[in-house]
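The exercises below ask the reader to work from a sequence and its coordinates towards a description of fold and ligand surroundings. Each task is followed by a solution in steps.

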Amino acid sequence: RVMEMALRKALEKDEFTLAYQPVVDAASESLVGFEALLRWHNPEFGQVSPARFIPLAEDARLVVPIGNWVLHRACCEAVSWPADVRVAVNVSAEQLYEPDFVETVVEALSETGLAPQRLELEVTESVFLREGSRAGETLDRILALGVGLSLDDFGTGYSALGYLSKTRFTTIKVDRSFVQGAARGMQESIAIIRAVVAMADSLGMATTAEGAETENEVRVIRELGCKKIQGYYYGRPMGAEDVAEMFSDHR
Ligand code: G
Ligand code: G
Ligand code: MN
Ligand code: NA
């Protein structure tokens, strides 16, 4: 309750920031983009994890305004990065169900000047759960803008595959649990990653392995053919200033 009230005021009090985690090309290890991850610092509660406050925001119907802020901020910060570096933004199902969601995306792009090809939206399988939500149609309209689309946390949800034949996701993100399992030699995890990579390949989609922390995990992922890698091994989520500094130093 108390946290919900604090969350209600967090936007106007400017308590949110975005952290950016690098995503690299698996073969060349070159930087291809960053995933934007929301951070909330409140004077009373300190640093609160999105794993905790996003569900709260969804229940309190705050996730739409907060999500719109994330989208605008991410586009705004990414526009000054090199043109071949993309930004991925997590989108909750409640945002996607808003009738004007596509307009919100168009607006974020036009107001910041970010090219649509540089933006990627991440959704989970759960967006397909609500009957009559027209999630598929909305996602098609997003793709038609030239914006990329990732299927996040793949393999951890209810995993019906029907929608994969309808929605042309750009990328499937393989959940960290499979990456860890495969690196420990678990045949089930290895088989699942192999199958996901093969399926993605034949559907014209890329794969990103999530949560790679060790050299061994990176090696196994590359052997299994994932196209992109994200994880602490290549970098932790970092502040926008650190990202900007990275580009000013090395170019
Ligand atoms: O950043 P961290 O690893 O703590 O994220 C925890 C969870 O919160 C992840 O599932 C992530 O997808 C989610 N998350 C982080 N930022 C956002 C955001 O801006 N919007 C939504 N909807 N989820 C987010
Ligand atoms: O659900 P989603 O994939 O959007 O959330 C990404 C989450 O995974 C973020 O909370 C991020 O901080 C976390 N994460 C990213 N890389 C790693 C990693 O290498 N190890 C662990 N444990 N978590 C990671
Ligand atoms: Mn994500
Ligand atoms: Na994920």
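Helices (H or I, at least four residues) and strands (E, at least two) are DSSP runs, numbered from the N terminus. Residues are numbered from 1 along each chain as its sequence is written, while chains are lettered from A and ligands numbered from 1 in the order in which they are written. This is a predicted model, in which local features need pLDDT of at least 70 and side-chain atom pairs count only at pLDDT 80 or more, whereas totals for chains, interfaces and linings use all residues.

**Exercise 1.** Determine which elements supply the shell around ligand 1, and what kinds of residue it holds.

Solution. Begin with the list: a residue counts as near a molecule if its C-beta atom, placed from the backbone, lies within 6 Å of it, and for ligand 1 this gives Leu37, Leu38, Ser49, Pro50, Ala51, Ile54, Gly67, Val70, Asn90 and Ser92. Next, assign elements: β2 (31–42), α2 (50–59) and α3 each supply at least two of these residues, and α2 gives the most, with three. Finally, sort by class, where Ala, Val, Leu, Ile, Met, Phe, Trp, Tyr, Cys and Pro count as nonpolar, Asp, Glu, Lys and Arg as charged, and the others, Gly among them, as polar; the shell then divides into six nonpolar, four polar and no charged residues.

**Exercise 2.** Describe the shell around ligand 2 in the same manner.

Solution. Of the 13 residues around ligand 2, those that come nearest are Asn90, Gly211, Glu213, Gly231 and Tyr232. By class, this shell holds four nonpolar, five polar and four charged residues.

**Exercise 3.** Characterise helix α3 by its span and its buried residues.

Solution. Helix α3 (residues 63–78) has 16 residues, and its expected span is 1.5 Å times one less than that number; from first C-alpha to last it reaches 22 Å, close to the 22 Å expected. A residue is buried if 20 or more other C-beta atoms lie within 10 Å of its own, exposed if 12 or fewer, and partly exposed in between, with C-beta atoms placed from the backbone; in α3 the buried residues include Gly67 and Val70, both of which also belong to the surroundings of ligand 1.

**Exercise 4.** Which elements have the lowest and the highest mean pLDDT?

Solution. pLDDT is the predictor's confidence in each residue, from 0 to 100, and the chain averages 96, with 98% of the residues scoring at least 70. Among the elements, helix α10 (residues 240–250) has the lowest mean, 89, and strand β4 (residues 86–90) the highest, 99.
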